[in-house]
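Please take a moment with the sequence and the model displayed below, and then follow the description from the single chain to its partners.

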2 protein chains.
Amino acid sequence: MVSAPLASLDAPSENKERLRLWIRMLRASRTIEGELRERLKTRFNSTLPRFDVMAALYRQRDGMLMSDLSRFLLVSNGNVTGIVDRLVTDGFVVRAKREGDRRTSIVRLTEQGMAAFEEMAATHERWVSELLNGVDETDARRLSAMLKTFRSNWEDEH
Amino acid sequence: MVSAPLASLDAPSENKERLRLWIRMLRASRTIEGELRERLKTRFNSTLPRFDVMAALYRQRDGMLMSDLSRFLLVSNGNVTGIVDRLVTDGFVVRAKREGDRRTSIVRLTEQGMAAFEEMAATHERWVSELLNGVDETDARRLSAMLKTFRSNWEDEH
DNA sequence: CCTTGAAATTTCATGCTTGAAACATTTCAA
DNA sequence: TTGAAATGTTTCAAGCATGAAATTTCAAGG
């Protein structure tokens, strides 16, 4: 090797570059999240966390345990309790007691919940596409793949 | 032209691709945010919002108005009030009354606040770099540029 | 003056979020 | 069997987040 160890010498610049990336990703996320929150509120009188829970339940028509929900959504147990409580109040979701294990309860979308979600989901998808309209499909795929890799690595490590 | 209008025919697939991108970006952000939150809590007994406020004030040594802070951090006015209140309680920040306009108050880091931030910032930068260690510098630059473009477009439109 | 509107901030109600503690139930080893 | 660990959930306190209403101050125009 001709030069000094590059890895350690490069580290500071690479750190800065990653920090910049993180800050920009955070700002982009917050911008989009803020916009989606506002639209969900005014148009559907709902919220992002409620939408996320309903989306998860829509994927799993048979229902999910509370702990499945919190694991999938990357939020705490206690958090899900509150969101589901409010969805139950509104009639979008039911907690079904299970015979086998009385500690758990299976959470499901109601018919009303399904219908409400389908309407929201279609609109939500258009909104997201509109908000990301500056990103063409090629970039979207590349970026998407990069983030997927990040998450898989993370999953493997934790 | 040989084929039917591509833009409209492609739209559904492009929508899906962008939706996937958004979901992955959100999950990546939440993963990193969660990790940083936990570390800031255990190591510095602090939080991400506090860190953000201190970072903004560190950049602007002369201090910032509350409204500058909320605009820069992309959060609401009322939100900043509470975070700054707690930072003041801890002695990291001061609200300086201004002669010219008694409605406003300039918020500044104290000496203690500067010192505390410098320590946190160095560690924070290492953490972020470590969490993003799967992303090489080239990818980081590309992604970063893409996100910067997104934000500029957004700024222009709003 | 003085009042009317704009600007900066705080307060408030509501909901999201976490981590820890409390609770209920199940499982399993002694 | 029975006691202790494990599992699933809820409760709680504290902090974060929003948007709307209230407050204070400023800036002009009458």
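Helices and strands are here the runs that DSSP assigns, H or I over at least four residues for a helix and E over at least two for a strand, numbered from the N terminus. In this predicted model, chain A comprises six helices and three strands on that basis, and read from the N terminus these elements follow one another as α-α-β-α-α-β-β-α-α.

The overall dimensions of chain A come next. Its radius of gyration is 20 Å, whereas a compact globule of 158 residues would have a value near 15 Å, and along the principal axes the C-alpha atoms of chain A occupy a box of roughly 70 × 40 × 25 Å. Of the 158 residues in chain A, 25% are buried, and among the contacts in chain A with a separation of 6 or more, 41% join residues that are 24 or more positions apart.

The three strands of chain A make up an open sheet, ordered β1-β3-β2 with antiparallel pairing; its edges are β1 (64-65) and β2 (93-97) of chain A, each of which pairs on one side only. In general, the strands of a sheet pair through backbone hydrogen bonds, either parallel or antiparallel. In chain A, β1 is joined to β3 (residues 105-109) by two bridges in the antiparallel sense, and L65(A) is found opposite I106(A) of β3(A). Across β1, β2 and β3 of chain A lies helix α2 (residues 48-59) of the same chain, which runs at about 95 degrees to β3(A).

Helix α2 of chain A also leads to the nucleic acid, since α2 and α4 (77-89) of chain A, together with α1 (6-44), α3 (66-73) and α4 (77-89) of chain B, each supply at least two residues of the surface near DNA strand C. Altogether 25 residues surround DNA strand C, the closest being P49(A), V75(A), G78(A), S67(B) and G78(B). The helix that gives the most to this surface is α4(A), with six residues, and by class the surface near DNA strand C holds five nonpolar, 13 polar and seven charged residues.

There remains the contact between the two protein chains, to which chain A and chain B each bring 40 residues. On the side of chain B that touches chain A, at least two residues come from each of α1, α5 (111-131) and α6 (137-157) of chain B, with α1(B) giving the largest share, 18 residues. That side of chain B divides into 17 nonpolar, nine polar and 14 charged residues.

Conventions: Residues are numbered from 1 along each chain as its sequence is written. Chains are lettered from A and ligands numbered from 1 in the order in which they are written. This is a predicted model: local features need pLDDT of at least 70, side-chain atom pairs count only at pLDDT 80 or more; totals for chains, interfaces and linings use all residues. The radius of gyration is taken over C-alpha atoms; the globule rule is 2.2 Å times the number of residues to the power 0.38. A residue is buried if 20 or more other C-beta atoms lie within 10 Å of its own, exposed if 12 or fewer, and partly exposed in between; C-beta atoms are placed from the backbone. Two residues are in contact if their C-beta atoms, placed from the backbone, lie within 7 Å. Two strands pair if DSSP finds at least two bridges between them. Axes are lines fitted to C-alpha atoms, for helices over the stretch in contact, and angles run from 0 to 180 degrees between N-to-C directions. A residue is near a molecule or strand if its C-beta atom, placed from the backbone, lies within 6 Å of it. Ala, Val, Leu, Ile, Met, Phe, Trp, Tyr, Cys and Pro count as nonpolar, Asp, Glu, Lys and Arg as charged, and the others, Gly among them, as polar.
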